[in-house]
Amino acid sequence: MPAPGDVLPVAEGIGLPWDVAVDDAVAAIAGAREHCGDTFLVESGGDHYLFTFSPVGVESFYALVEEDPDAMATVAASGKRAERLALDEIAGVVEDSVRKYDSSPSRDGGLFGRIVDAWAGEPADVRSRGIAMDVALIHIASMSNLMAALGWAIVDLLAHPERLRLVAAGDADLAQRCALESTRLAQRSIMARAVLQPVSFDTGAEVVLVPAGWTIATLLPLLNASAAPGLETWNPDRWHRYRIADASALASPMLVTAFGHGKHSCPAQLFSLSAMTIAMTRLLGRYAMTPKWGEYPQPVPAQIGGVARAADPCRVDYARLGPT
Ligand code: HEM
């Protein structure tokens, strides 16, 4: 089986934003794809990346499995000292809150209470650590992608007043489809898998043996809005529940996603969509909002990974709606 370097082109002069200063990270990879085709190699910061955008390549990407749990454990155990210390500190703070919660007579059914309940029955140290790590994860992920996605959902609804009226009136199914659609269009995620043991990988054109130490990657913004005609526009009706209703125009249904596909898709999809739906319905039901931007807001060009952050402030005027 050939090595990737034997058969795949190398995108010259491309670096990733964590290694070199890049003006527009997504445009840089898009340019490489235009030049090299759907599957190519990027050498950045001394590391090797195999990027793939072909239907078979993307399907092979989502099908990659963790075949070596021992190697995973070694990777997990190595380094990241500072991060581990920070998590220990968080665990201490949350432990105090759990103690207070345990001794309080009135237990609420809020998110913290639900997390605490989920760890009931575990030994004290496992329970305490588990609650702390869940709280830390929800904070980190909510502060980043969730808030950004909610922002785009509101931006898009403000541009579609008839849909906005229905969401504000409580149409939760439409609100969820709007949330998925805005998240799809705002996706800047680089999806990456670290290769721990040599793995055979079907790019659609050939099968290559990717060496250990390499990264196999794809980039959602290069597919989500262009893998079939019409995907560049905002249309919540293209979603049925959590899927694209009619994927027949797509060479593979995996070419488009908001929360990922397969084993590593976002475990917080339901949580995120219900948080977005509730926030959209309440905010738009209570306040009349007037956008203050002229052109549709643009993402920070250098960003790669996660949901786009807006390049400029997106201000809205808002006024409390009277009782209806
Ligand atoms: C709108 C908000 C969010 C979006 C668009 C989003 C999107 C994604 C995507 C596309 C993946 C798949 C990555 C991959 O396959 O490599 C992912 C994974 C993940 N997400 Fe989210 N996410 C969101 C919110 C959250 C929140 C709030 C949490 C935590 C409370 C969370 C926790 C995770 C975790 C732990 C994974 C890794 C799963 C795994 O590797 O098995 N996400 N997310």
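Helices (H or I, at least four residues) and strands (E, at least two) are DSSP runs, numbered from the N terminus. This is a predicted model, so to speak: local features need pLDDT of at least 70, side-chain atom pairs count only at pLDDT 80 or more, and totals for chains, interfaces and linings use all residues. Residue numbers start from 1 along each chain, following the sequence as written.

**View 1. A308 sits in the loop between β9 (287-291) and β10 (316-320).**
Is this loop residue buried or exposed? A308 is buried, because 25 other C-beta atoms lie within 10 Å; the cut-offs are 20 or more such atoms for buried, 12 or fewer for exposed, and partly exposed in between, with C-beta atoms placed from the backbone. Leaving out residues up to four places away in sequence, A308 touches A148, A186, R188, P299, V300 and Q303. A contact here is a pair of C-beta atoms, placed from the backbone, that lie within 7 Å. Don't look for A120 in this frame: its C-alpha atom and that of A308 are separated by 37 Å, with the two positions 188 residues apart along the chain.

**View 2. The ligand has 21 residues around it.**
The closest of them are A141, A149, G260, C266 and A268. To be counted as near, a residue needs its C-beta atom, placed from the backbone, within 6 Å of the molecule or strand in question. Which helix gives the largest share of the shell? That is α7, with 7 residues. Both α7 (124-158) and α10 (269-286) supply at least two residues each. By type, the shell splits into 13 nonpolar, 8 polar and no charged residues. In this count Ala, Val, Leu, Ile, Met, Phe, Trp, Tyr, Cys and Pro are nonpolar, Asp, Glu, Lys and Arg are charged, and the others, Gly among them, are polar.

**View 3. Helix α8 (residues 161-168) has R163, V167 and A168 buried.**
Seen down the axis of α8, the buried residues fall within an arc of 135°, so they line one face of the helix; the arc is that of the directions from the helix axis to the C-beta atoms. What do they pack against? The partners are α7, α9 (172-186) and α10. On the face turned away from the buried side, look for the exposed residues P161 and E162. Just past the helix, G170 follows with a positive phi, near 105°.

**View 4. Strands β1 (residues 39-44) and β2 (residues 47-52) run antiparallel, joined by 6 bridges.**
Strands count as paired if DSSP finds at least two bridges between them. Across this pair, V42 has Y49 as its bridge partner, and T39 stands opposite T52. The hairpin has 2 residues between the strands, and G45 takes a positive phi near 60°. On to the next neighbour: β2 pairs with β6 (residues 215-219) in the parallel sense, over 3 bridges. There, Y49 has T215 as its bridge partner.

**View 5. Zoomed back out, the chain has 10 helices and 10 strands.**
Its radius of gyration is 22 Å, close to the 20 Å that the globule rule gives for 324 residues, so the chain is as compact as a globular protein of that length. The radius is taken over C-alpha atoms, and the rule is 2.2 Å times the number of residues to the power 0.38. Of the 324 residues, 29% count as buried.

Terms used:
Two residues are in contact if their C-beta atoms, placed from the backbone, lie within 7 Å.
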